[in-house]
Amino acid sequence: MFVHPGTKEEKQCNYESTDEKKARLSAELFGEDCEISHDQVYEFLKYAALGKHHNAAQPSWCHIHHQRRLARVVVIVLHEVSQLHFYRFYLQFRHLRKSFPHRFSLPPDSANFIASMCREGVSAKHHNSAQASPHVSNGHILKSANLERDPIVRKYGEEKHGLTTYTLTVQEMKENNYPLEGSPGCLHFVHTECNSPRTDSSPLFGLDCEMCLTTKGNEVTRVSLVDAQGQCLLDELIKPETQILNYFTRYSGITRKILLPVKTKLADVQDKLKKLLPHDAILVGHSLNADLQALQMIHPSVIDTSLLFARSGGRRFKLKFLAKAVLGKEIQCENRLGHDPTEDAQAALELAQYFIKQGPCKVEELNLETLLIAQKASEISQQKSTLYLQLNGVQQQSSEGSSIPQLCFLDSLRLAGQQTLLLGRRDLASPGSCQNGQRPSNKQILQRAIEEVPLSSFSVVQFSLRSKHVVPALIADICEKMKIKLGDLLTLYAGPFGKDFCLKSVKKEFKKYGPIRSLTVITETHQPHICIQYEVLEAAQLALESLNGAKIAGSCIKVQRPVSAVTLDCNTLIKELEMDVENERVIYMAGVKKSLTETDLQEKLSQLKDLKALFLPRDHKNGKRQSYCFLKFQTAESASSALEVIKRWATMGSKLRSRRALTPSHLNQWINHIAHQDTQSLQKGENFLYMKKKQVSTCEQDLREKLKKLDCRIKKLYRSLQNNTLCVVLLPGMNSVQRSLSGLGLMGIKDDAGKSMC
């Protein structure tokens, strides 16, 4: 749960007072919001390079202030490097961790990482395929020659079926995050009580909601329900009970003024829906799981049109596209503020009715994939034409059939007369970067980058590891060592205790500092000791600092971590983590009463100066709020002051305990992923690349030096950059049959002192 104390306008005002002339970056990445998709990175880079022109929009997850003052944009890609590498060799990345104030997780590397980041070559591919495709002729779409290979026919067969065939199974609902009875986070959800058996004559109802962002997450602000004839049965505005952070007006059409007089609450709409829906009702919607989650309702029988019109690779068609391609209807028009949920509900319902009536074969004949490619090619061509005409001072649209080439992201820059640079791998390097057809070394790439980046508005500089550094056996060994190190860092040994000590009271004492994963009594020693493993690193460190030498259960105890090869540099690591640029403004606080409401907690913390954001973690298993939180402040000084205030509260009887944060916002989810990876099963499947322990150790040491050199090369390149340059470093991660490793992104804007600005 992510809460902003204060309004966006107040924070903006605080920021703007510091320096109105420089470009700045504010990325509100905190807690669970720290994994960013490749598409989101693309939109961010597009806006950074193009500004508000050329159909670029300010990204929602990160705000660039004074974008026009950016000197240039530089993207540095470290191929074959993942988030695992960054934290396993954390101390080697001295420059990266000290110079970039914003960090986020990336999904594992795609088939073509560079193409997904800046779409280089995408427009040409679409343009060529549209010309050469056997399915396109004189603007008409021809019938596909391979019906059996279409995902719709593969999923449903060629025959027509009744509507019950197309309702989601319980397993499908579970896989697609539908609220189900007994599911985590659905404890207090309302059941529609539509429990009668479904038949092919059961009534269909279209449902769609519009949402806003509140301190609880996405909450519904408008809901529409239509019957099988498309008649609107319900169109209701709803006022959320918690503070609204973002109305999503562009999509929802909802504004503060619209909701101001509304008295209807979520419970009122839940009651109305229960009364309107017959006991055998089937709900239809597009990505209906999001609507039901926002409504906090459980319904057992649904048809999801985003899954009904199946695509390969888990992709989905948008409702707007399906309405146009299948029904010939225009919805979600750009000239109208926000979406109309009644219109969207009717469109989803009609799409389901069309599919059921016509059958899979008829739907397949529409060639939706080819239509989508043609539509995208047309949109790109239109953007290109508009930009071309704007640049040449022409106001009217170009004539149909213009021979102006297709635009991709980098084409827009080139057409505007700006230089772009793709430097690194042979297939994307600029002419002359590869000598005699050989792949350039990282040293050569650095030299070329220092020379050419200052001449380009947008640059992508790629470094990579040698093949011996990415063999599966080595990666599996690194993953296993990281898992052991994390386990040791989270583990404490405490004792000695008396023979008849009270374990319950000891556990209660240690639990004051954070959630405990496990606690065991060790009886092999002369006097009893205990082994505690915490769930978060801050809790373990805080308990170690607070309880070592303390008197507990009548005994003066020693608290320490296990001593092993991987924990010998533990103190150095903890110190460096505290000084991490992403942690210096964040503190960890334990002892938060679960009974406190968010409002009560915010009121309690209002005494802390310059509090910027509050993250309230939830248990992944039961969805309940944890007894600790993270507080993010405007400055490191404000965070230090807050620690002193909380210490004073403790002397006055408060149960709150605090210390500086050690784990950057994106890291807890990643730690949980690493902790549960079955590295043994991975190693079993990698016997064909077996390496002796000595070989692995030597290779790992070589990799350590290689990564340290990469960090130094980035430092040299970074120092050569002009002030006000946005620099983004991307570690793509890995995605293969053997394993999937998340990537990592780091970014900042270089200032006069050579550091990155927030």
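In the predicted model, a positive patch on the surface is made up of five lysines, namely Lys-504, Lys-508, Lys-593, Lys-604 and Lys-655. One of these residues, Lys-508, belongs to helix H21, which spans residues 503-511. The relative accessible area of Lys-508 is 63%, and the residue is therefore classed as exposed, the threshold being over 50%.

Charged side chains also occur in pairs. Side chains of opposite charge can pair when their charged atoms come close. Across the whole structure, a search identifies 16 salt bridges. In one of them, Glu-369 is paired with Arg-311, and the closest N and O atoms are 2.7 Å apart. This contact links distant parts of the chain, as 58 residues separate the two partners. Glu-369 is located in helix H17 (residues 368-391), whereas Arg-311 is located in the loop between helix H13 (305-308) and helix H14 (319-327). The two partners can also be described by their accessibility. Glu-369 is partly exposed, with a relative accessible area of 28%, while Arg-311, at 14%, counts as buried because the limit for that class is under 20%.

Glu-369 takes part in a salt bridge with Arg-315 as well, for which the closest N and O atoms lie 3.7 Å apart. Because Glu-369 lies in helix H17 and Arg-315 in the loop between H13 and H14, this pair ties together parts that are 54 residues apart in sequence. Arg-315 has a relative accessibility of 41% and is accordingly partly exposed.

A salt bridge within a single helix is provided by Arg-448 and Glu-452, both of which lie in helix H19 (residues 442-452). Their side chains meet with an N to O distance of 2.4 Å. The two residues are four positions apart, about one turn of the helix. Glu-452 is partly exposed, its relative accessibility being 21%. Elsewhere, Arg-97, Lys-98 and Glu-576 are joined into one network by salt bridges that share partners.

Helix H23, comprising residues 570-579, contains Thr-572. This threonine is partly exposed, with a relative accessible area of 42%. Although Thr-572 and Leu-91 are 481 residues apart along the chain, their C-alpha atoms are separated by 8.8 Å.

The strand S17, formed by residues 458-464, was examined next. Seven of its seven residues are buried, so the strand is largely enclosed by the rest of the structure. In a regular strand the side chains alternate between the two faces of the sheet. Both faces of S17 are covered. On one side, Phe-458, Val-460, Gln-462 and Ser-464 are all buried, and on the other side Ser-459, Val-461 and Phe-463 are buried too.

S17 is bridged to strands S4 and S16. Strand S4 (residues 72-79) runs parallel to S17 and is joined to it by seven bridges. Within this pairing, Val-75 stands opposite Val-460 of S17. Strand S16 (residues 420-423) likewise runs parallel to S17, and four bridges connect the two. Here Leu-422 has Val-460 as its bridge partner in S17. Val-460 thus faces Val-75 and is also the partner of Leu-422, and this valine is among the buried residues of S17.

Definitions and conventions
Residues numbered from 1 in each chain as written. Predicted model: local features only at pLDDT ≥ 70, side-chain atom pairs only at ≥ 80, totals over all residues. Heavy atoms only, no water. Patch = residues over 30% accessible without salt bridge, like charges linked within 9 Å, V, L, I, M, F, W, Y side chains within 5 Å. Areas by Shrake-Rupley, 256 points an atom, 1.4 Å probe, with all protein chains shown as cover. Salt bridge = Lys/Arg side-chain N within 4 Å of Asp/Glu carboxyl O. Lys, Arg positive; Asp, Glu negative; His and termini not counted. Charge placed at Lys NZ, Arg CZ, Asp CG, Glu CD. Buried < 20%, exposed > 50% of the residue type's maximum accessible area, 1.4 Å probe, protein only. Pairing = 2+ DSSP bridges.
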